[in-house]
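Please open the model in a viewer and keep the sequence panel at hand. The tour below proposes a series of selections and states what each of them shows.

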Amino acid sequence: MTLRALLFDVDGTLADTERDGHRPAFNQAFADAGLDWRWDVDLYGKLLAVTGGKERMKHYIEAFRPGYQRPHDFDELVAELHRAKTRIYADLASRGGIPMRPGVKRLLEEARAAGLRLAIATTTTPENVTVLLEHSLGPGTQDWFEVIAAGDVVPAKKPAPDIYHYALEAMGLAAADCLAFEDSENGLRASLGAGLKTLVTVNDYTLDHDFSGAAAVLSDLGEPDAPARCLAGPALAGPCVDVAYLRTLHRN
């Protein structure tokens, strides 16, 4: 088997978007709509068990606000809040407020130089992906990814594997040709469900997740002056995840 492509999740994998991007954007959207909903860091960590922003809001009402009287147009309210959140998040990202995680740009550049194809498979909206790439990774970098599978292009979100199946079909590749990058248990379940070997980089919200089945679990992708820590799987030969390491994971 030859490694031909890398498929990346976005939120928590390419950048720490959840705590410092999506969460404050949700809170601003709620405040602007006159709602007393407020998601602190700990509560948002619990809500992340549900993928998809609209789904997360509905779960919040069911699990944490049982006394809330839903208006007759509750679904439209949720949709409008999500649209507002997306605009607020885009403004934050456009000001460079959400940096890439360690090693992301370095590895993407190395992968491109090695001839590996790149794609994105995420539950976040296409608009969120575009603004993050353009303003945090760099102008024109969205063109590095031949497929950006995002948002509602599939009916079932992670942990369902649908978004990965969609990306693989769009690329004309088999799962055996690829390696996925995730940061959460739900994301890992989605990639494994699609038959993809997966490298996990944890973040503050996912340290205690079950990553059984991952090819490797790391603190991040690492930089030459800031080594990554290997938490499970094959040890790194140097301070960083590089293409040689990815090919080793893919072979084994």
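Begin by selecting β1 and β2: these two strands run parallel and are joined by four bridges. The model is a predicted one. Strand β1 covers residues 5-8, and strand β2 covers residues 117-121. Within this pair, select Leu 7, whose bridge partner in β2 is Ala 119. Then select Ala 5, whose bridge partner in β2 is Arg 117.

**The two faces of β1**

Keep β1 selected and display its side chains. In a regular strand, side chains alternate between the two faces of the sheet. Which residues of β1 lie on each side? Ala 5 and Leu 7 are on one side, Leu 6 and Phe 8 are on the other, and all of them are buried, so that both faces of β1 are covered.

**From β2 to β3**

Return to β2. Four of its five residues are buried, and the strand is therefore largely enclosed by the rest of the structure. Next, add strand β3, residues 147-149, which runs parallel to β2 and is joined to it by three bridges. To see one position in this pairing, select Ile 120, which stands opposite Ile 148 in β3.

**From β1 to β4**

Now move to the other pairing of β1. Strand β4 is joined to β1 by four bridges, and the two strands run parallel. Two residues of β1 serve as guides here: the bridge partner of Leu 6 in β4 is Leu 179, and that of Leu 7 in β4 is Ala 180. Leu 7 thus has a bridge partner in β4, Ala 180, as well as one in β2, Ala 119.

Select the whole of β4, residues 178-182. How many of its five residues are buried? Five of the five are, so β4 is largely enclosed by the rest of the structure. Displaying the side chains shows cover on both faces: Cys 178, Ala 180 and Glu 182 are buried on one side, and Leu 179 and Phe 181 are buried on the other.

**From β4 to β5**

Add strand β5, residues 197-201, which pairs with β4 in the parallel sense over four bridges. Select Ala 180 once more; its bridge partner in β5 is Thr 198.

**Asp 177, in the loop before β4**

Step back to Asp 177, which is found in the loop between α7 (162-171) and β4. Is this residue buried or exposed? Asp 177 has a relative accessible area of 16%, and it counts as buried because the cut-off for that class is under 20%. Apart from its neighbours within four places in sequence, Asp 177 is in contact with Thr 2, Leu 3, Arg 4, Ala 5 and His 250. Among these contacts is Ala 5, the residue of β1 whose bridge partner in β2 is Arg 117.

**Gly 52, between two helices**

Select Gly 52, in the loop between α2 (41-47) and α3 (53-64). Gly 52 is buried, with a relative accessible area of 3%. When its neighbours within four places in sequence are left aside, its contacts are with Thr 123 and Lys 157. For a distance across the sequence, select Asp 152 as well: it lies 100 residues from Gly 52 along the chain, and the C-alpha atoms of the two are separated by 9.2 Å.

**Glu 80, in α4**

Proceed to Glu 80 in helix α4, residues 74-94. At 35% relative accessibility, Glu 80 counts as partly exposed. Val 129 is 49 residues away from Glu 80 along the chain, with 19 Å between their C-alpha atoms.

**The whole chain**

Finally, clear the selection and display the entire chain. Its secondary structure comprises nine helices and seven strands. The radius of gyration is 18 Å, close to the 18 Å that the globule rule gives for 252 residues, so the chain is as compact as a globular protein of that length. Along the principal axes, the C-alpha atoms fill a box of roughly 55 × 35 × 30 Å.

Of the 252 residues, 52% count as buried. Among contacts with a separation of 6 or more, 61% involve residues 24 or more positions apart. With the surface displayed, the chain exposes about 11,000 Å², of which carbon and sulfur atoms supply 50%. Colouring by charge brings out 26 positive and 36 negative side chains, and the centres of the two sets lie 1 Å apart.

Technical notes: Residues are numbered from 1 along each chain as its sequence is written. This is a predicted model: local features need pLDDT of at least 70, side-chain atom pairs count only at pLDDT 80 or more; totals for chains, interfaces and linings use all residues. Side-chain values use heavy atoms; hydrogens and water are left out. The radius of gyration is taken over C-alpha atoms; the globule rule is 2.2 Å times the number of residues to the power 0.38. Buried means under 20% relative accessible area, exposed over 50%, partly exposed in between (1.4 Å probe, protein chains only). Contact means heavy atoms within 4.5 Å. Accessible areas come from the Shrake-Rupley method with a 1.4 Å probe; for residues, only the protein chains shown count as cover. Lys and Arg count as positive and Asp and Glu as negative; His and the chain ends are not counted. The place of a charge is taken as NZ of Lys, CZ of Arg, CG of Asp or CD of Glu. Two strands pair if DSSP finds at least two bridges between them.
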